[in-house]
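Visitor: I am new to this structure. Please take one part and look at it closely, then show me what lies around it.

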Amino acid sequence: MVATASYWVSVRTGDEVKRNSWRLQGRWAFIIQAASVFAVFGCLYFALYNHYFEYKYVWRNSSRDLPVSLLLSSFWSDQEGSFMLWSIWQSILGLVLIRTTKRWEAPVMTMISFAQVCLSSMLIGIFILDYKVGSNPFLLLRHAAENQGLPWVNSPNYLNFIKDGNGLNLSLQNYWMVIHPPVLFLGFASTVVPFAFAFAGLWTREYKEWIKPALPWALFSAAALGLGIMMGAAWAYESLTFGGYWAWDPVENASLVPWLTLVAGIHTLLAFKSSGHALKATFFFFFITFILILYSTFLTRSGVLGDTSVHSFTDLGMSGQLTFFLFAFIPAFGMLIARRKEIPTVHKEESTYSREFWLFIGSLILMIAAIQITFTTSIPVWNKLINNLGIKKLLNLTNDIAPPSDGVFHYNKIQIWVAIVIGILSAIVQFLKYKDTPRGEFTRKLMIPTALALIATVLSGWLGKVNYDTYGAGFLMAIYLMMFASYYAIIANLAYIWIGQKGKLKAAGASVAHIGFGMVLLGIVITSSKKETISIDRMKMLDGGFFGANSKENPRENLMLPRNFPVQMGDYHVTYAGDSLPAGESKTYYLVRYERKDPTSGKTLEAFTLHPDAFLSNKGEQTLTPNPDSKHYWNKDIFTYITAVPLKEDDSDTATYQPHVVAQGDSIFFSNGYMVMEGLDPQPANRNYQAEPNDLAVGATLKVYTKNNDQYNLKPIYLIRDSSYEYNIPDTVAPLSLYVRFSKILPKDKKVELEVKESTVFRDYIVMKAFIFPFINVLWIGVIVTVIGFIMSMFQRLRQNKEKPAVKKPLTKERAV
Amino acid sequence: MKKSNIVLLVLIAVAIGVIVTVAGDFSTYETFATARQKEGKEFQVIGTLDTTKTMVYDAAKDANLFTFYVKDKSGDVCKVIYFGTKPTDFEKAESVVLTGKMIKDGEFHCGKILMKCPSKYKNDQVAVGNKV
């Protein structure tokens with residue numbers, strides 16, 4: 001298998017020169033390399049499937065008890081596997097390109113092959129001049145650097161000692177991790193195609209012709225990358241516990257930024273196609289997209305994000321190589337600058353009423369968004385640069401730069417304005433025509449959508465009570481503007497399908513994508529501004545908590561639920577009803593029962609049970625790795641996850657029984673309330689007491705009132721059996737850890753002695769958080785609609801390319817994305 | 001001057017403005033001593049867990065209160081109060097980044113903890129925090 005790897009390294013150097021025979025040779029070389037990549041993929045999967053733990057990759061990322069459905073997840077859970085996934089997609093894309101590009105095959109494939117060389121160099125794991133190039137996924141465990149010199153390595157039967165693998169990281173044991181990486185890496189891999197086309201155009205000096213075949217690819221790439229990113233968001237929402245779908249984590253940002261620039265590139269490309277403007281910008285955007293993909297790879301895989309990101313890879317000692325990979329593609333910019341004079345431009349100025357002008361503006365705004373995100377995300381890189389270049393000493397700085405302490409708001413306060421402008425632009429720009437638009441027609445067509453969007457905003461602001469004031473009135477204003485912009489984008493684009501395209505859905509890919517995008521924006525603004533924490537711990541609030549000085553920094557979002565003890569949470573009464581450990585699974589499921597009651601009649605309006613779960617142990621150690629569970633409504637999600645459970649180790653119960661002498665009607669106080677002795681029962685019944693013929697038994701009827709107005713009945717029993725033996729049978733209120741024992745009868749005083757114990761260690765509870773995410777479905781549907789829109793316009797472009805293969809002049813009846 | 005050039009200039013100005021505001025949000029990693037000098041201001045402190053002192057989390061008493069001690073880079077040990085549950089594997093954290101502020105009685109109140117956990121092969125990081 002190592003041979004396969006090295007063979008494939010030697011094969012894919014097949015470089016295409018424009019001659020036909022060379023092209024043919026390159027083509028076959030690429031096909032062979034693609035076949036090799038598939039073979040290698042098959043081998044690694046086979047090794048994983050059969051638990052060949054002699055391979056370090058298999059040992060490290062899987063274990064015998066891992067379900068087969070998650071094997072793929074462990075395949076790409078680590079650096080080598082995910083590079084391989086990338087390489088596979090790139091091979092497939094390359095094969096498709098070989099079939100379809102015709103004239104462009106040679107220059108485009110040169111670029112793809114070169115990218116493939118770089119990628120596979122990440123996997124060879126050989127030493128060139130003492131520098132480790134790549135990391136081989138088929139490294140044997142006994143050859144791994146950290147195991148050198150260990151005694152078992154030289155033993156021939158060492159495999160007998162390795163019974164099981166290290167296991168897959170618990171947070172990756174999720175079905176989203178099986179499907180999200182392939183889609184994301186398809187997006188990553190496909191960005192090389194517009195790059196390759198743009199480069200080919202520049203290289204062969206056919207500055208305009210590359211555009212047509214590149215457009216469907218760019219649309220495809222945007223769809224795949226966008227879907228991949230949002231699937232990551234869905235994974236985070238479904239299985240991680242940072243309480244949302246987006247946290248502006250550096251890893252998320254790093255893949256969002258190329259998507260922004262790619263979308264910008266698509267729009268400048270359209271502007272160029274119909275007006276001749278903005279060609280240089282198109283080159284720039286397609287180049288920068290791929291470079292940013294590489295940069296994001298560098299960020300996530302070089303370990304540089306260590307201090308700031310939650311889920312980046314650690315350094316495999318390949319950061320040098322990653323940097324090389326990154327810089328290998330930058331000369332494309334050099335070529336762009338060198339040949340800038342040759343790139344045709346139109347010297348006539350755009351009209352302010354032309355579509356191309358605003359397409360260009362929109363792209364630039366996306367660019368600004370990209371710059372801001374990159375700038376903040378790159379803080380660790382800045383630190384490295386500052387340290388290495390000696391600037392730190394120069395400026396006498398002592399401490400490293402830290403990311404903003406309120407990271408989410410830091411991004412939100414900038415990006416909300418970008419979202420507003422982009423939302424509004426995507427609403428109106430379609431109504432502009434290329435070159436120039438008659439003023440009257442433009443305003444007339446836009447009037448109704450504008451009015452409708454305004455009404456929708458006011459209505460949802462009023463009915464939905466959007467009053468998110470954590471960051472002041474200015475930010476609330478921006479929220480309303482963003483809401484307007486998103487409604488505007490949705491409504492105006494819907495209108496455009498009817499007004500501009502006379503309801504021809506086939507040609508409406510662009511409008512559909514914009515509607516989807518508007519829905520995504522709307523979903524974001526509603527879920528973020530109306531997200532509500534319902535698991536507020538109100539019990540501790542009176543002692544200065546809720547209205548006290550630290551109410552802001554201590555939001556009391558965790559709520560403790562004793563078992564079988566209903567607690568009010570928002571509109572719901574929530575009960576923790578126990579846990580279960582299904583056979584064959586390593587997760588513990590917690591039953592959390594939600595009930596909503598009519599406040600006047602007390603009738604149960606709705607009841608459901610959520611099953612948030614958690615891995616309670618990881619490799620034999622006590623930990624808690626929770627997964628949330630949500631109740632999905634059409635208009636909101638109730639999102640619940642466990643944040644703490646009692647540790648199972650046994651502390652001794654130090655509480656003791658305290659005696660109380662009481663008469664009928666007396667009460668006994670304890671920490672959570674009091675109990676009243678209501679009377680004695682000569683024929684007591686208790687689930688722990690079996691009456692026998694010669695028993696002389698008395699029960700004490702007690703009523704327990706808690707601080708939360710809950711009531712319980714207790715009946716401890718005192719008995720004399722066979723006229724000589726004293727017994728007592730205690731009774732308990734489990735949720736309160738309250739134990740009561742009937743110890744003596746004092747007939748002289750007409751009193752009895754009761755002993756009360758409150759256990760201090762109290763073991764049966766969960767601590768959880770619960771949120772309401774309103775209208776989160778708008779976001780998910782928006783994503784799907786956007787992707788459908790991209791794919792529709794991709795097919796539309798493909799059709800156009802087929803219909804008019806030789807049209808050189810810009811199409812007159814052009815439709816924009 | 002062409003209109004597009006003007007637009008370009010305006011946008012570049014906006015971009016620079018954005019970056020300047022953004023850079024204003026950046027902070028630096030500090031020590032408890034600095035935080036003590038400016039009580040009530042939010043800082044990010046890197047330190048290690050002081051394992052000689054006890055950490056307390058009792059959900060039955062308060063599910064949103066976790067106290068522990070942290071030794072910062074200069075060796076200064078300070079009591080830290082985190083308003084939340086005790087994070088998973090907290091004892092094993094190699095280093096922690098605390099975001100919060102010093103209050104009067106010399107306690108550091110933090111709303112966010114970023115932990116760096118050593119594991120044999122992966123430096124998995126776990127972030128916990130309250131979105132305030």
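Guide: Start with two helices of chain A in this predicted model. Helix 11 covers residues 279-301, and helix 13 covers residues 331-338. Their axes come within 10 Å. They cross at roughly 170 degrees. An angle over 145 degrees counts as roughly antiparallel. Helix 11 of chain A and helix 13 of chain A are therefore roughly antiparallel to each other.

Which residues of the two helices make the contact? Helix 11 of chain A brings A:Phe283, A:Phe284 and A:Phe287. Helix 13 of chain A brings A:Ala332, A:Phe333 and A:Leu336. Now sort the contact by class. Six residues are nonpolar, none is polar and none is charged.

Step back to the whole chain. Chain A has 817 residues, and 46% of them count as buried. It holds 21 helices and 24 strands. Take its contacts with a separation of 6 or more: residues 24 or more positions apart account for 69% of them.

Now go to the strands. Strand 15 of chain A spans residues 667-670, and strand 16 of chain A spans residues 673-681. A hairpin joins the two through two residues. The strands run antiparallel, with four bridges between them. Look for A:Ser667: opposite stands A:Val676, in strand 16 of chain A.

Follow A:Val676 onward. This residue also stands opposite A:Lys703, in strand 17 of chain A. Strand 17 of chain A covers residues 696-706. Eight bridges join strand 16 of chain A to strand 17 of chain A, and this pair runs antiparallel.

Another group of strands forms an open sheet. In what order do the four strands of this sheet in chain A lie? The order is 14-23-22-21, with antiparallel pairing. Strand 14 (658-662) and strand 21 (731-733) of chain A are the edges, and each pairs on one side only. From one strand to the next, the twist averages 30 degrees. Look at one edge of this sheet. Strand 14 of chain A is joined by five bridges to strand 23 of chain A, residues 751-758. There, A:His660 stands opposite A:Leu754 of strand 23.

Next, a stop in chain B. B:Gly75 sits in the loop between strand 4 (66-72) and strand 5 (77-82) of chain B. Is B:Gly75 buried or exposed? The cut-off for exposed is 12 or fewer other C-beta atoms within 10 Å. B:Gly75 has 9, so this residue is exposed. Compare the position of B:Leu11. B:Gly75 and B:Leu11 are 64 residues apart in sequence, and their C-alpha atoms are 47 Å apart in space.

Last, the confidence. The mean pLDDT of chain A is 77, and 79% of its residues reach 70 or more. Over residues 1-18 of chain A the pLDDT is below 50, and the model gives this stretch 50 contacts beyond near neighbours in sequence. Residues 805-817 of chain A also stay under 50. For them, the model has 17 contacts beyond four places in sequence. Chain B has a mean pLDDT of 76, with 84% of its residues at 70 or more. In chain B, pLDDT stays under 50 over residues 119-132. That stretch has 40 contacts beyond four places in sequence in the model. The model as a whole scores ipTM 0.77 and pTM 0.78.

Conventions
Residues numbered from 1 in each chain as written. Chains lettered and ligands numbered in written order. Predicted model: local features only at pLDDT ≥ 70, side-chain atom pairs only at ≥ 80, totals over all residues. Buried ≥ 20, exposed ≤ 12 C-beta atoms within 10 Å, placed from the backbone. Contact = placed C-beta atoms within 7 Å. pLDDT = per-residue confidence, 0-100. Pairing = 2+ DSSP bridges. Axes fitted to C-alpha atoms, helices over the stretch in contact; angles between N-to-C directions. Parallel < 35°, antiparallel > 145°, perpendicular 65-115°, else oblique. Nonpolar A, V, L, I, M, F, W, Y, C, P; charged D, E, K, R; others polar.
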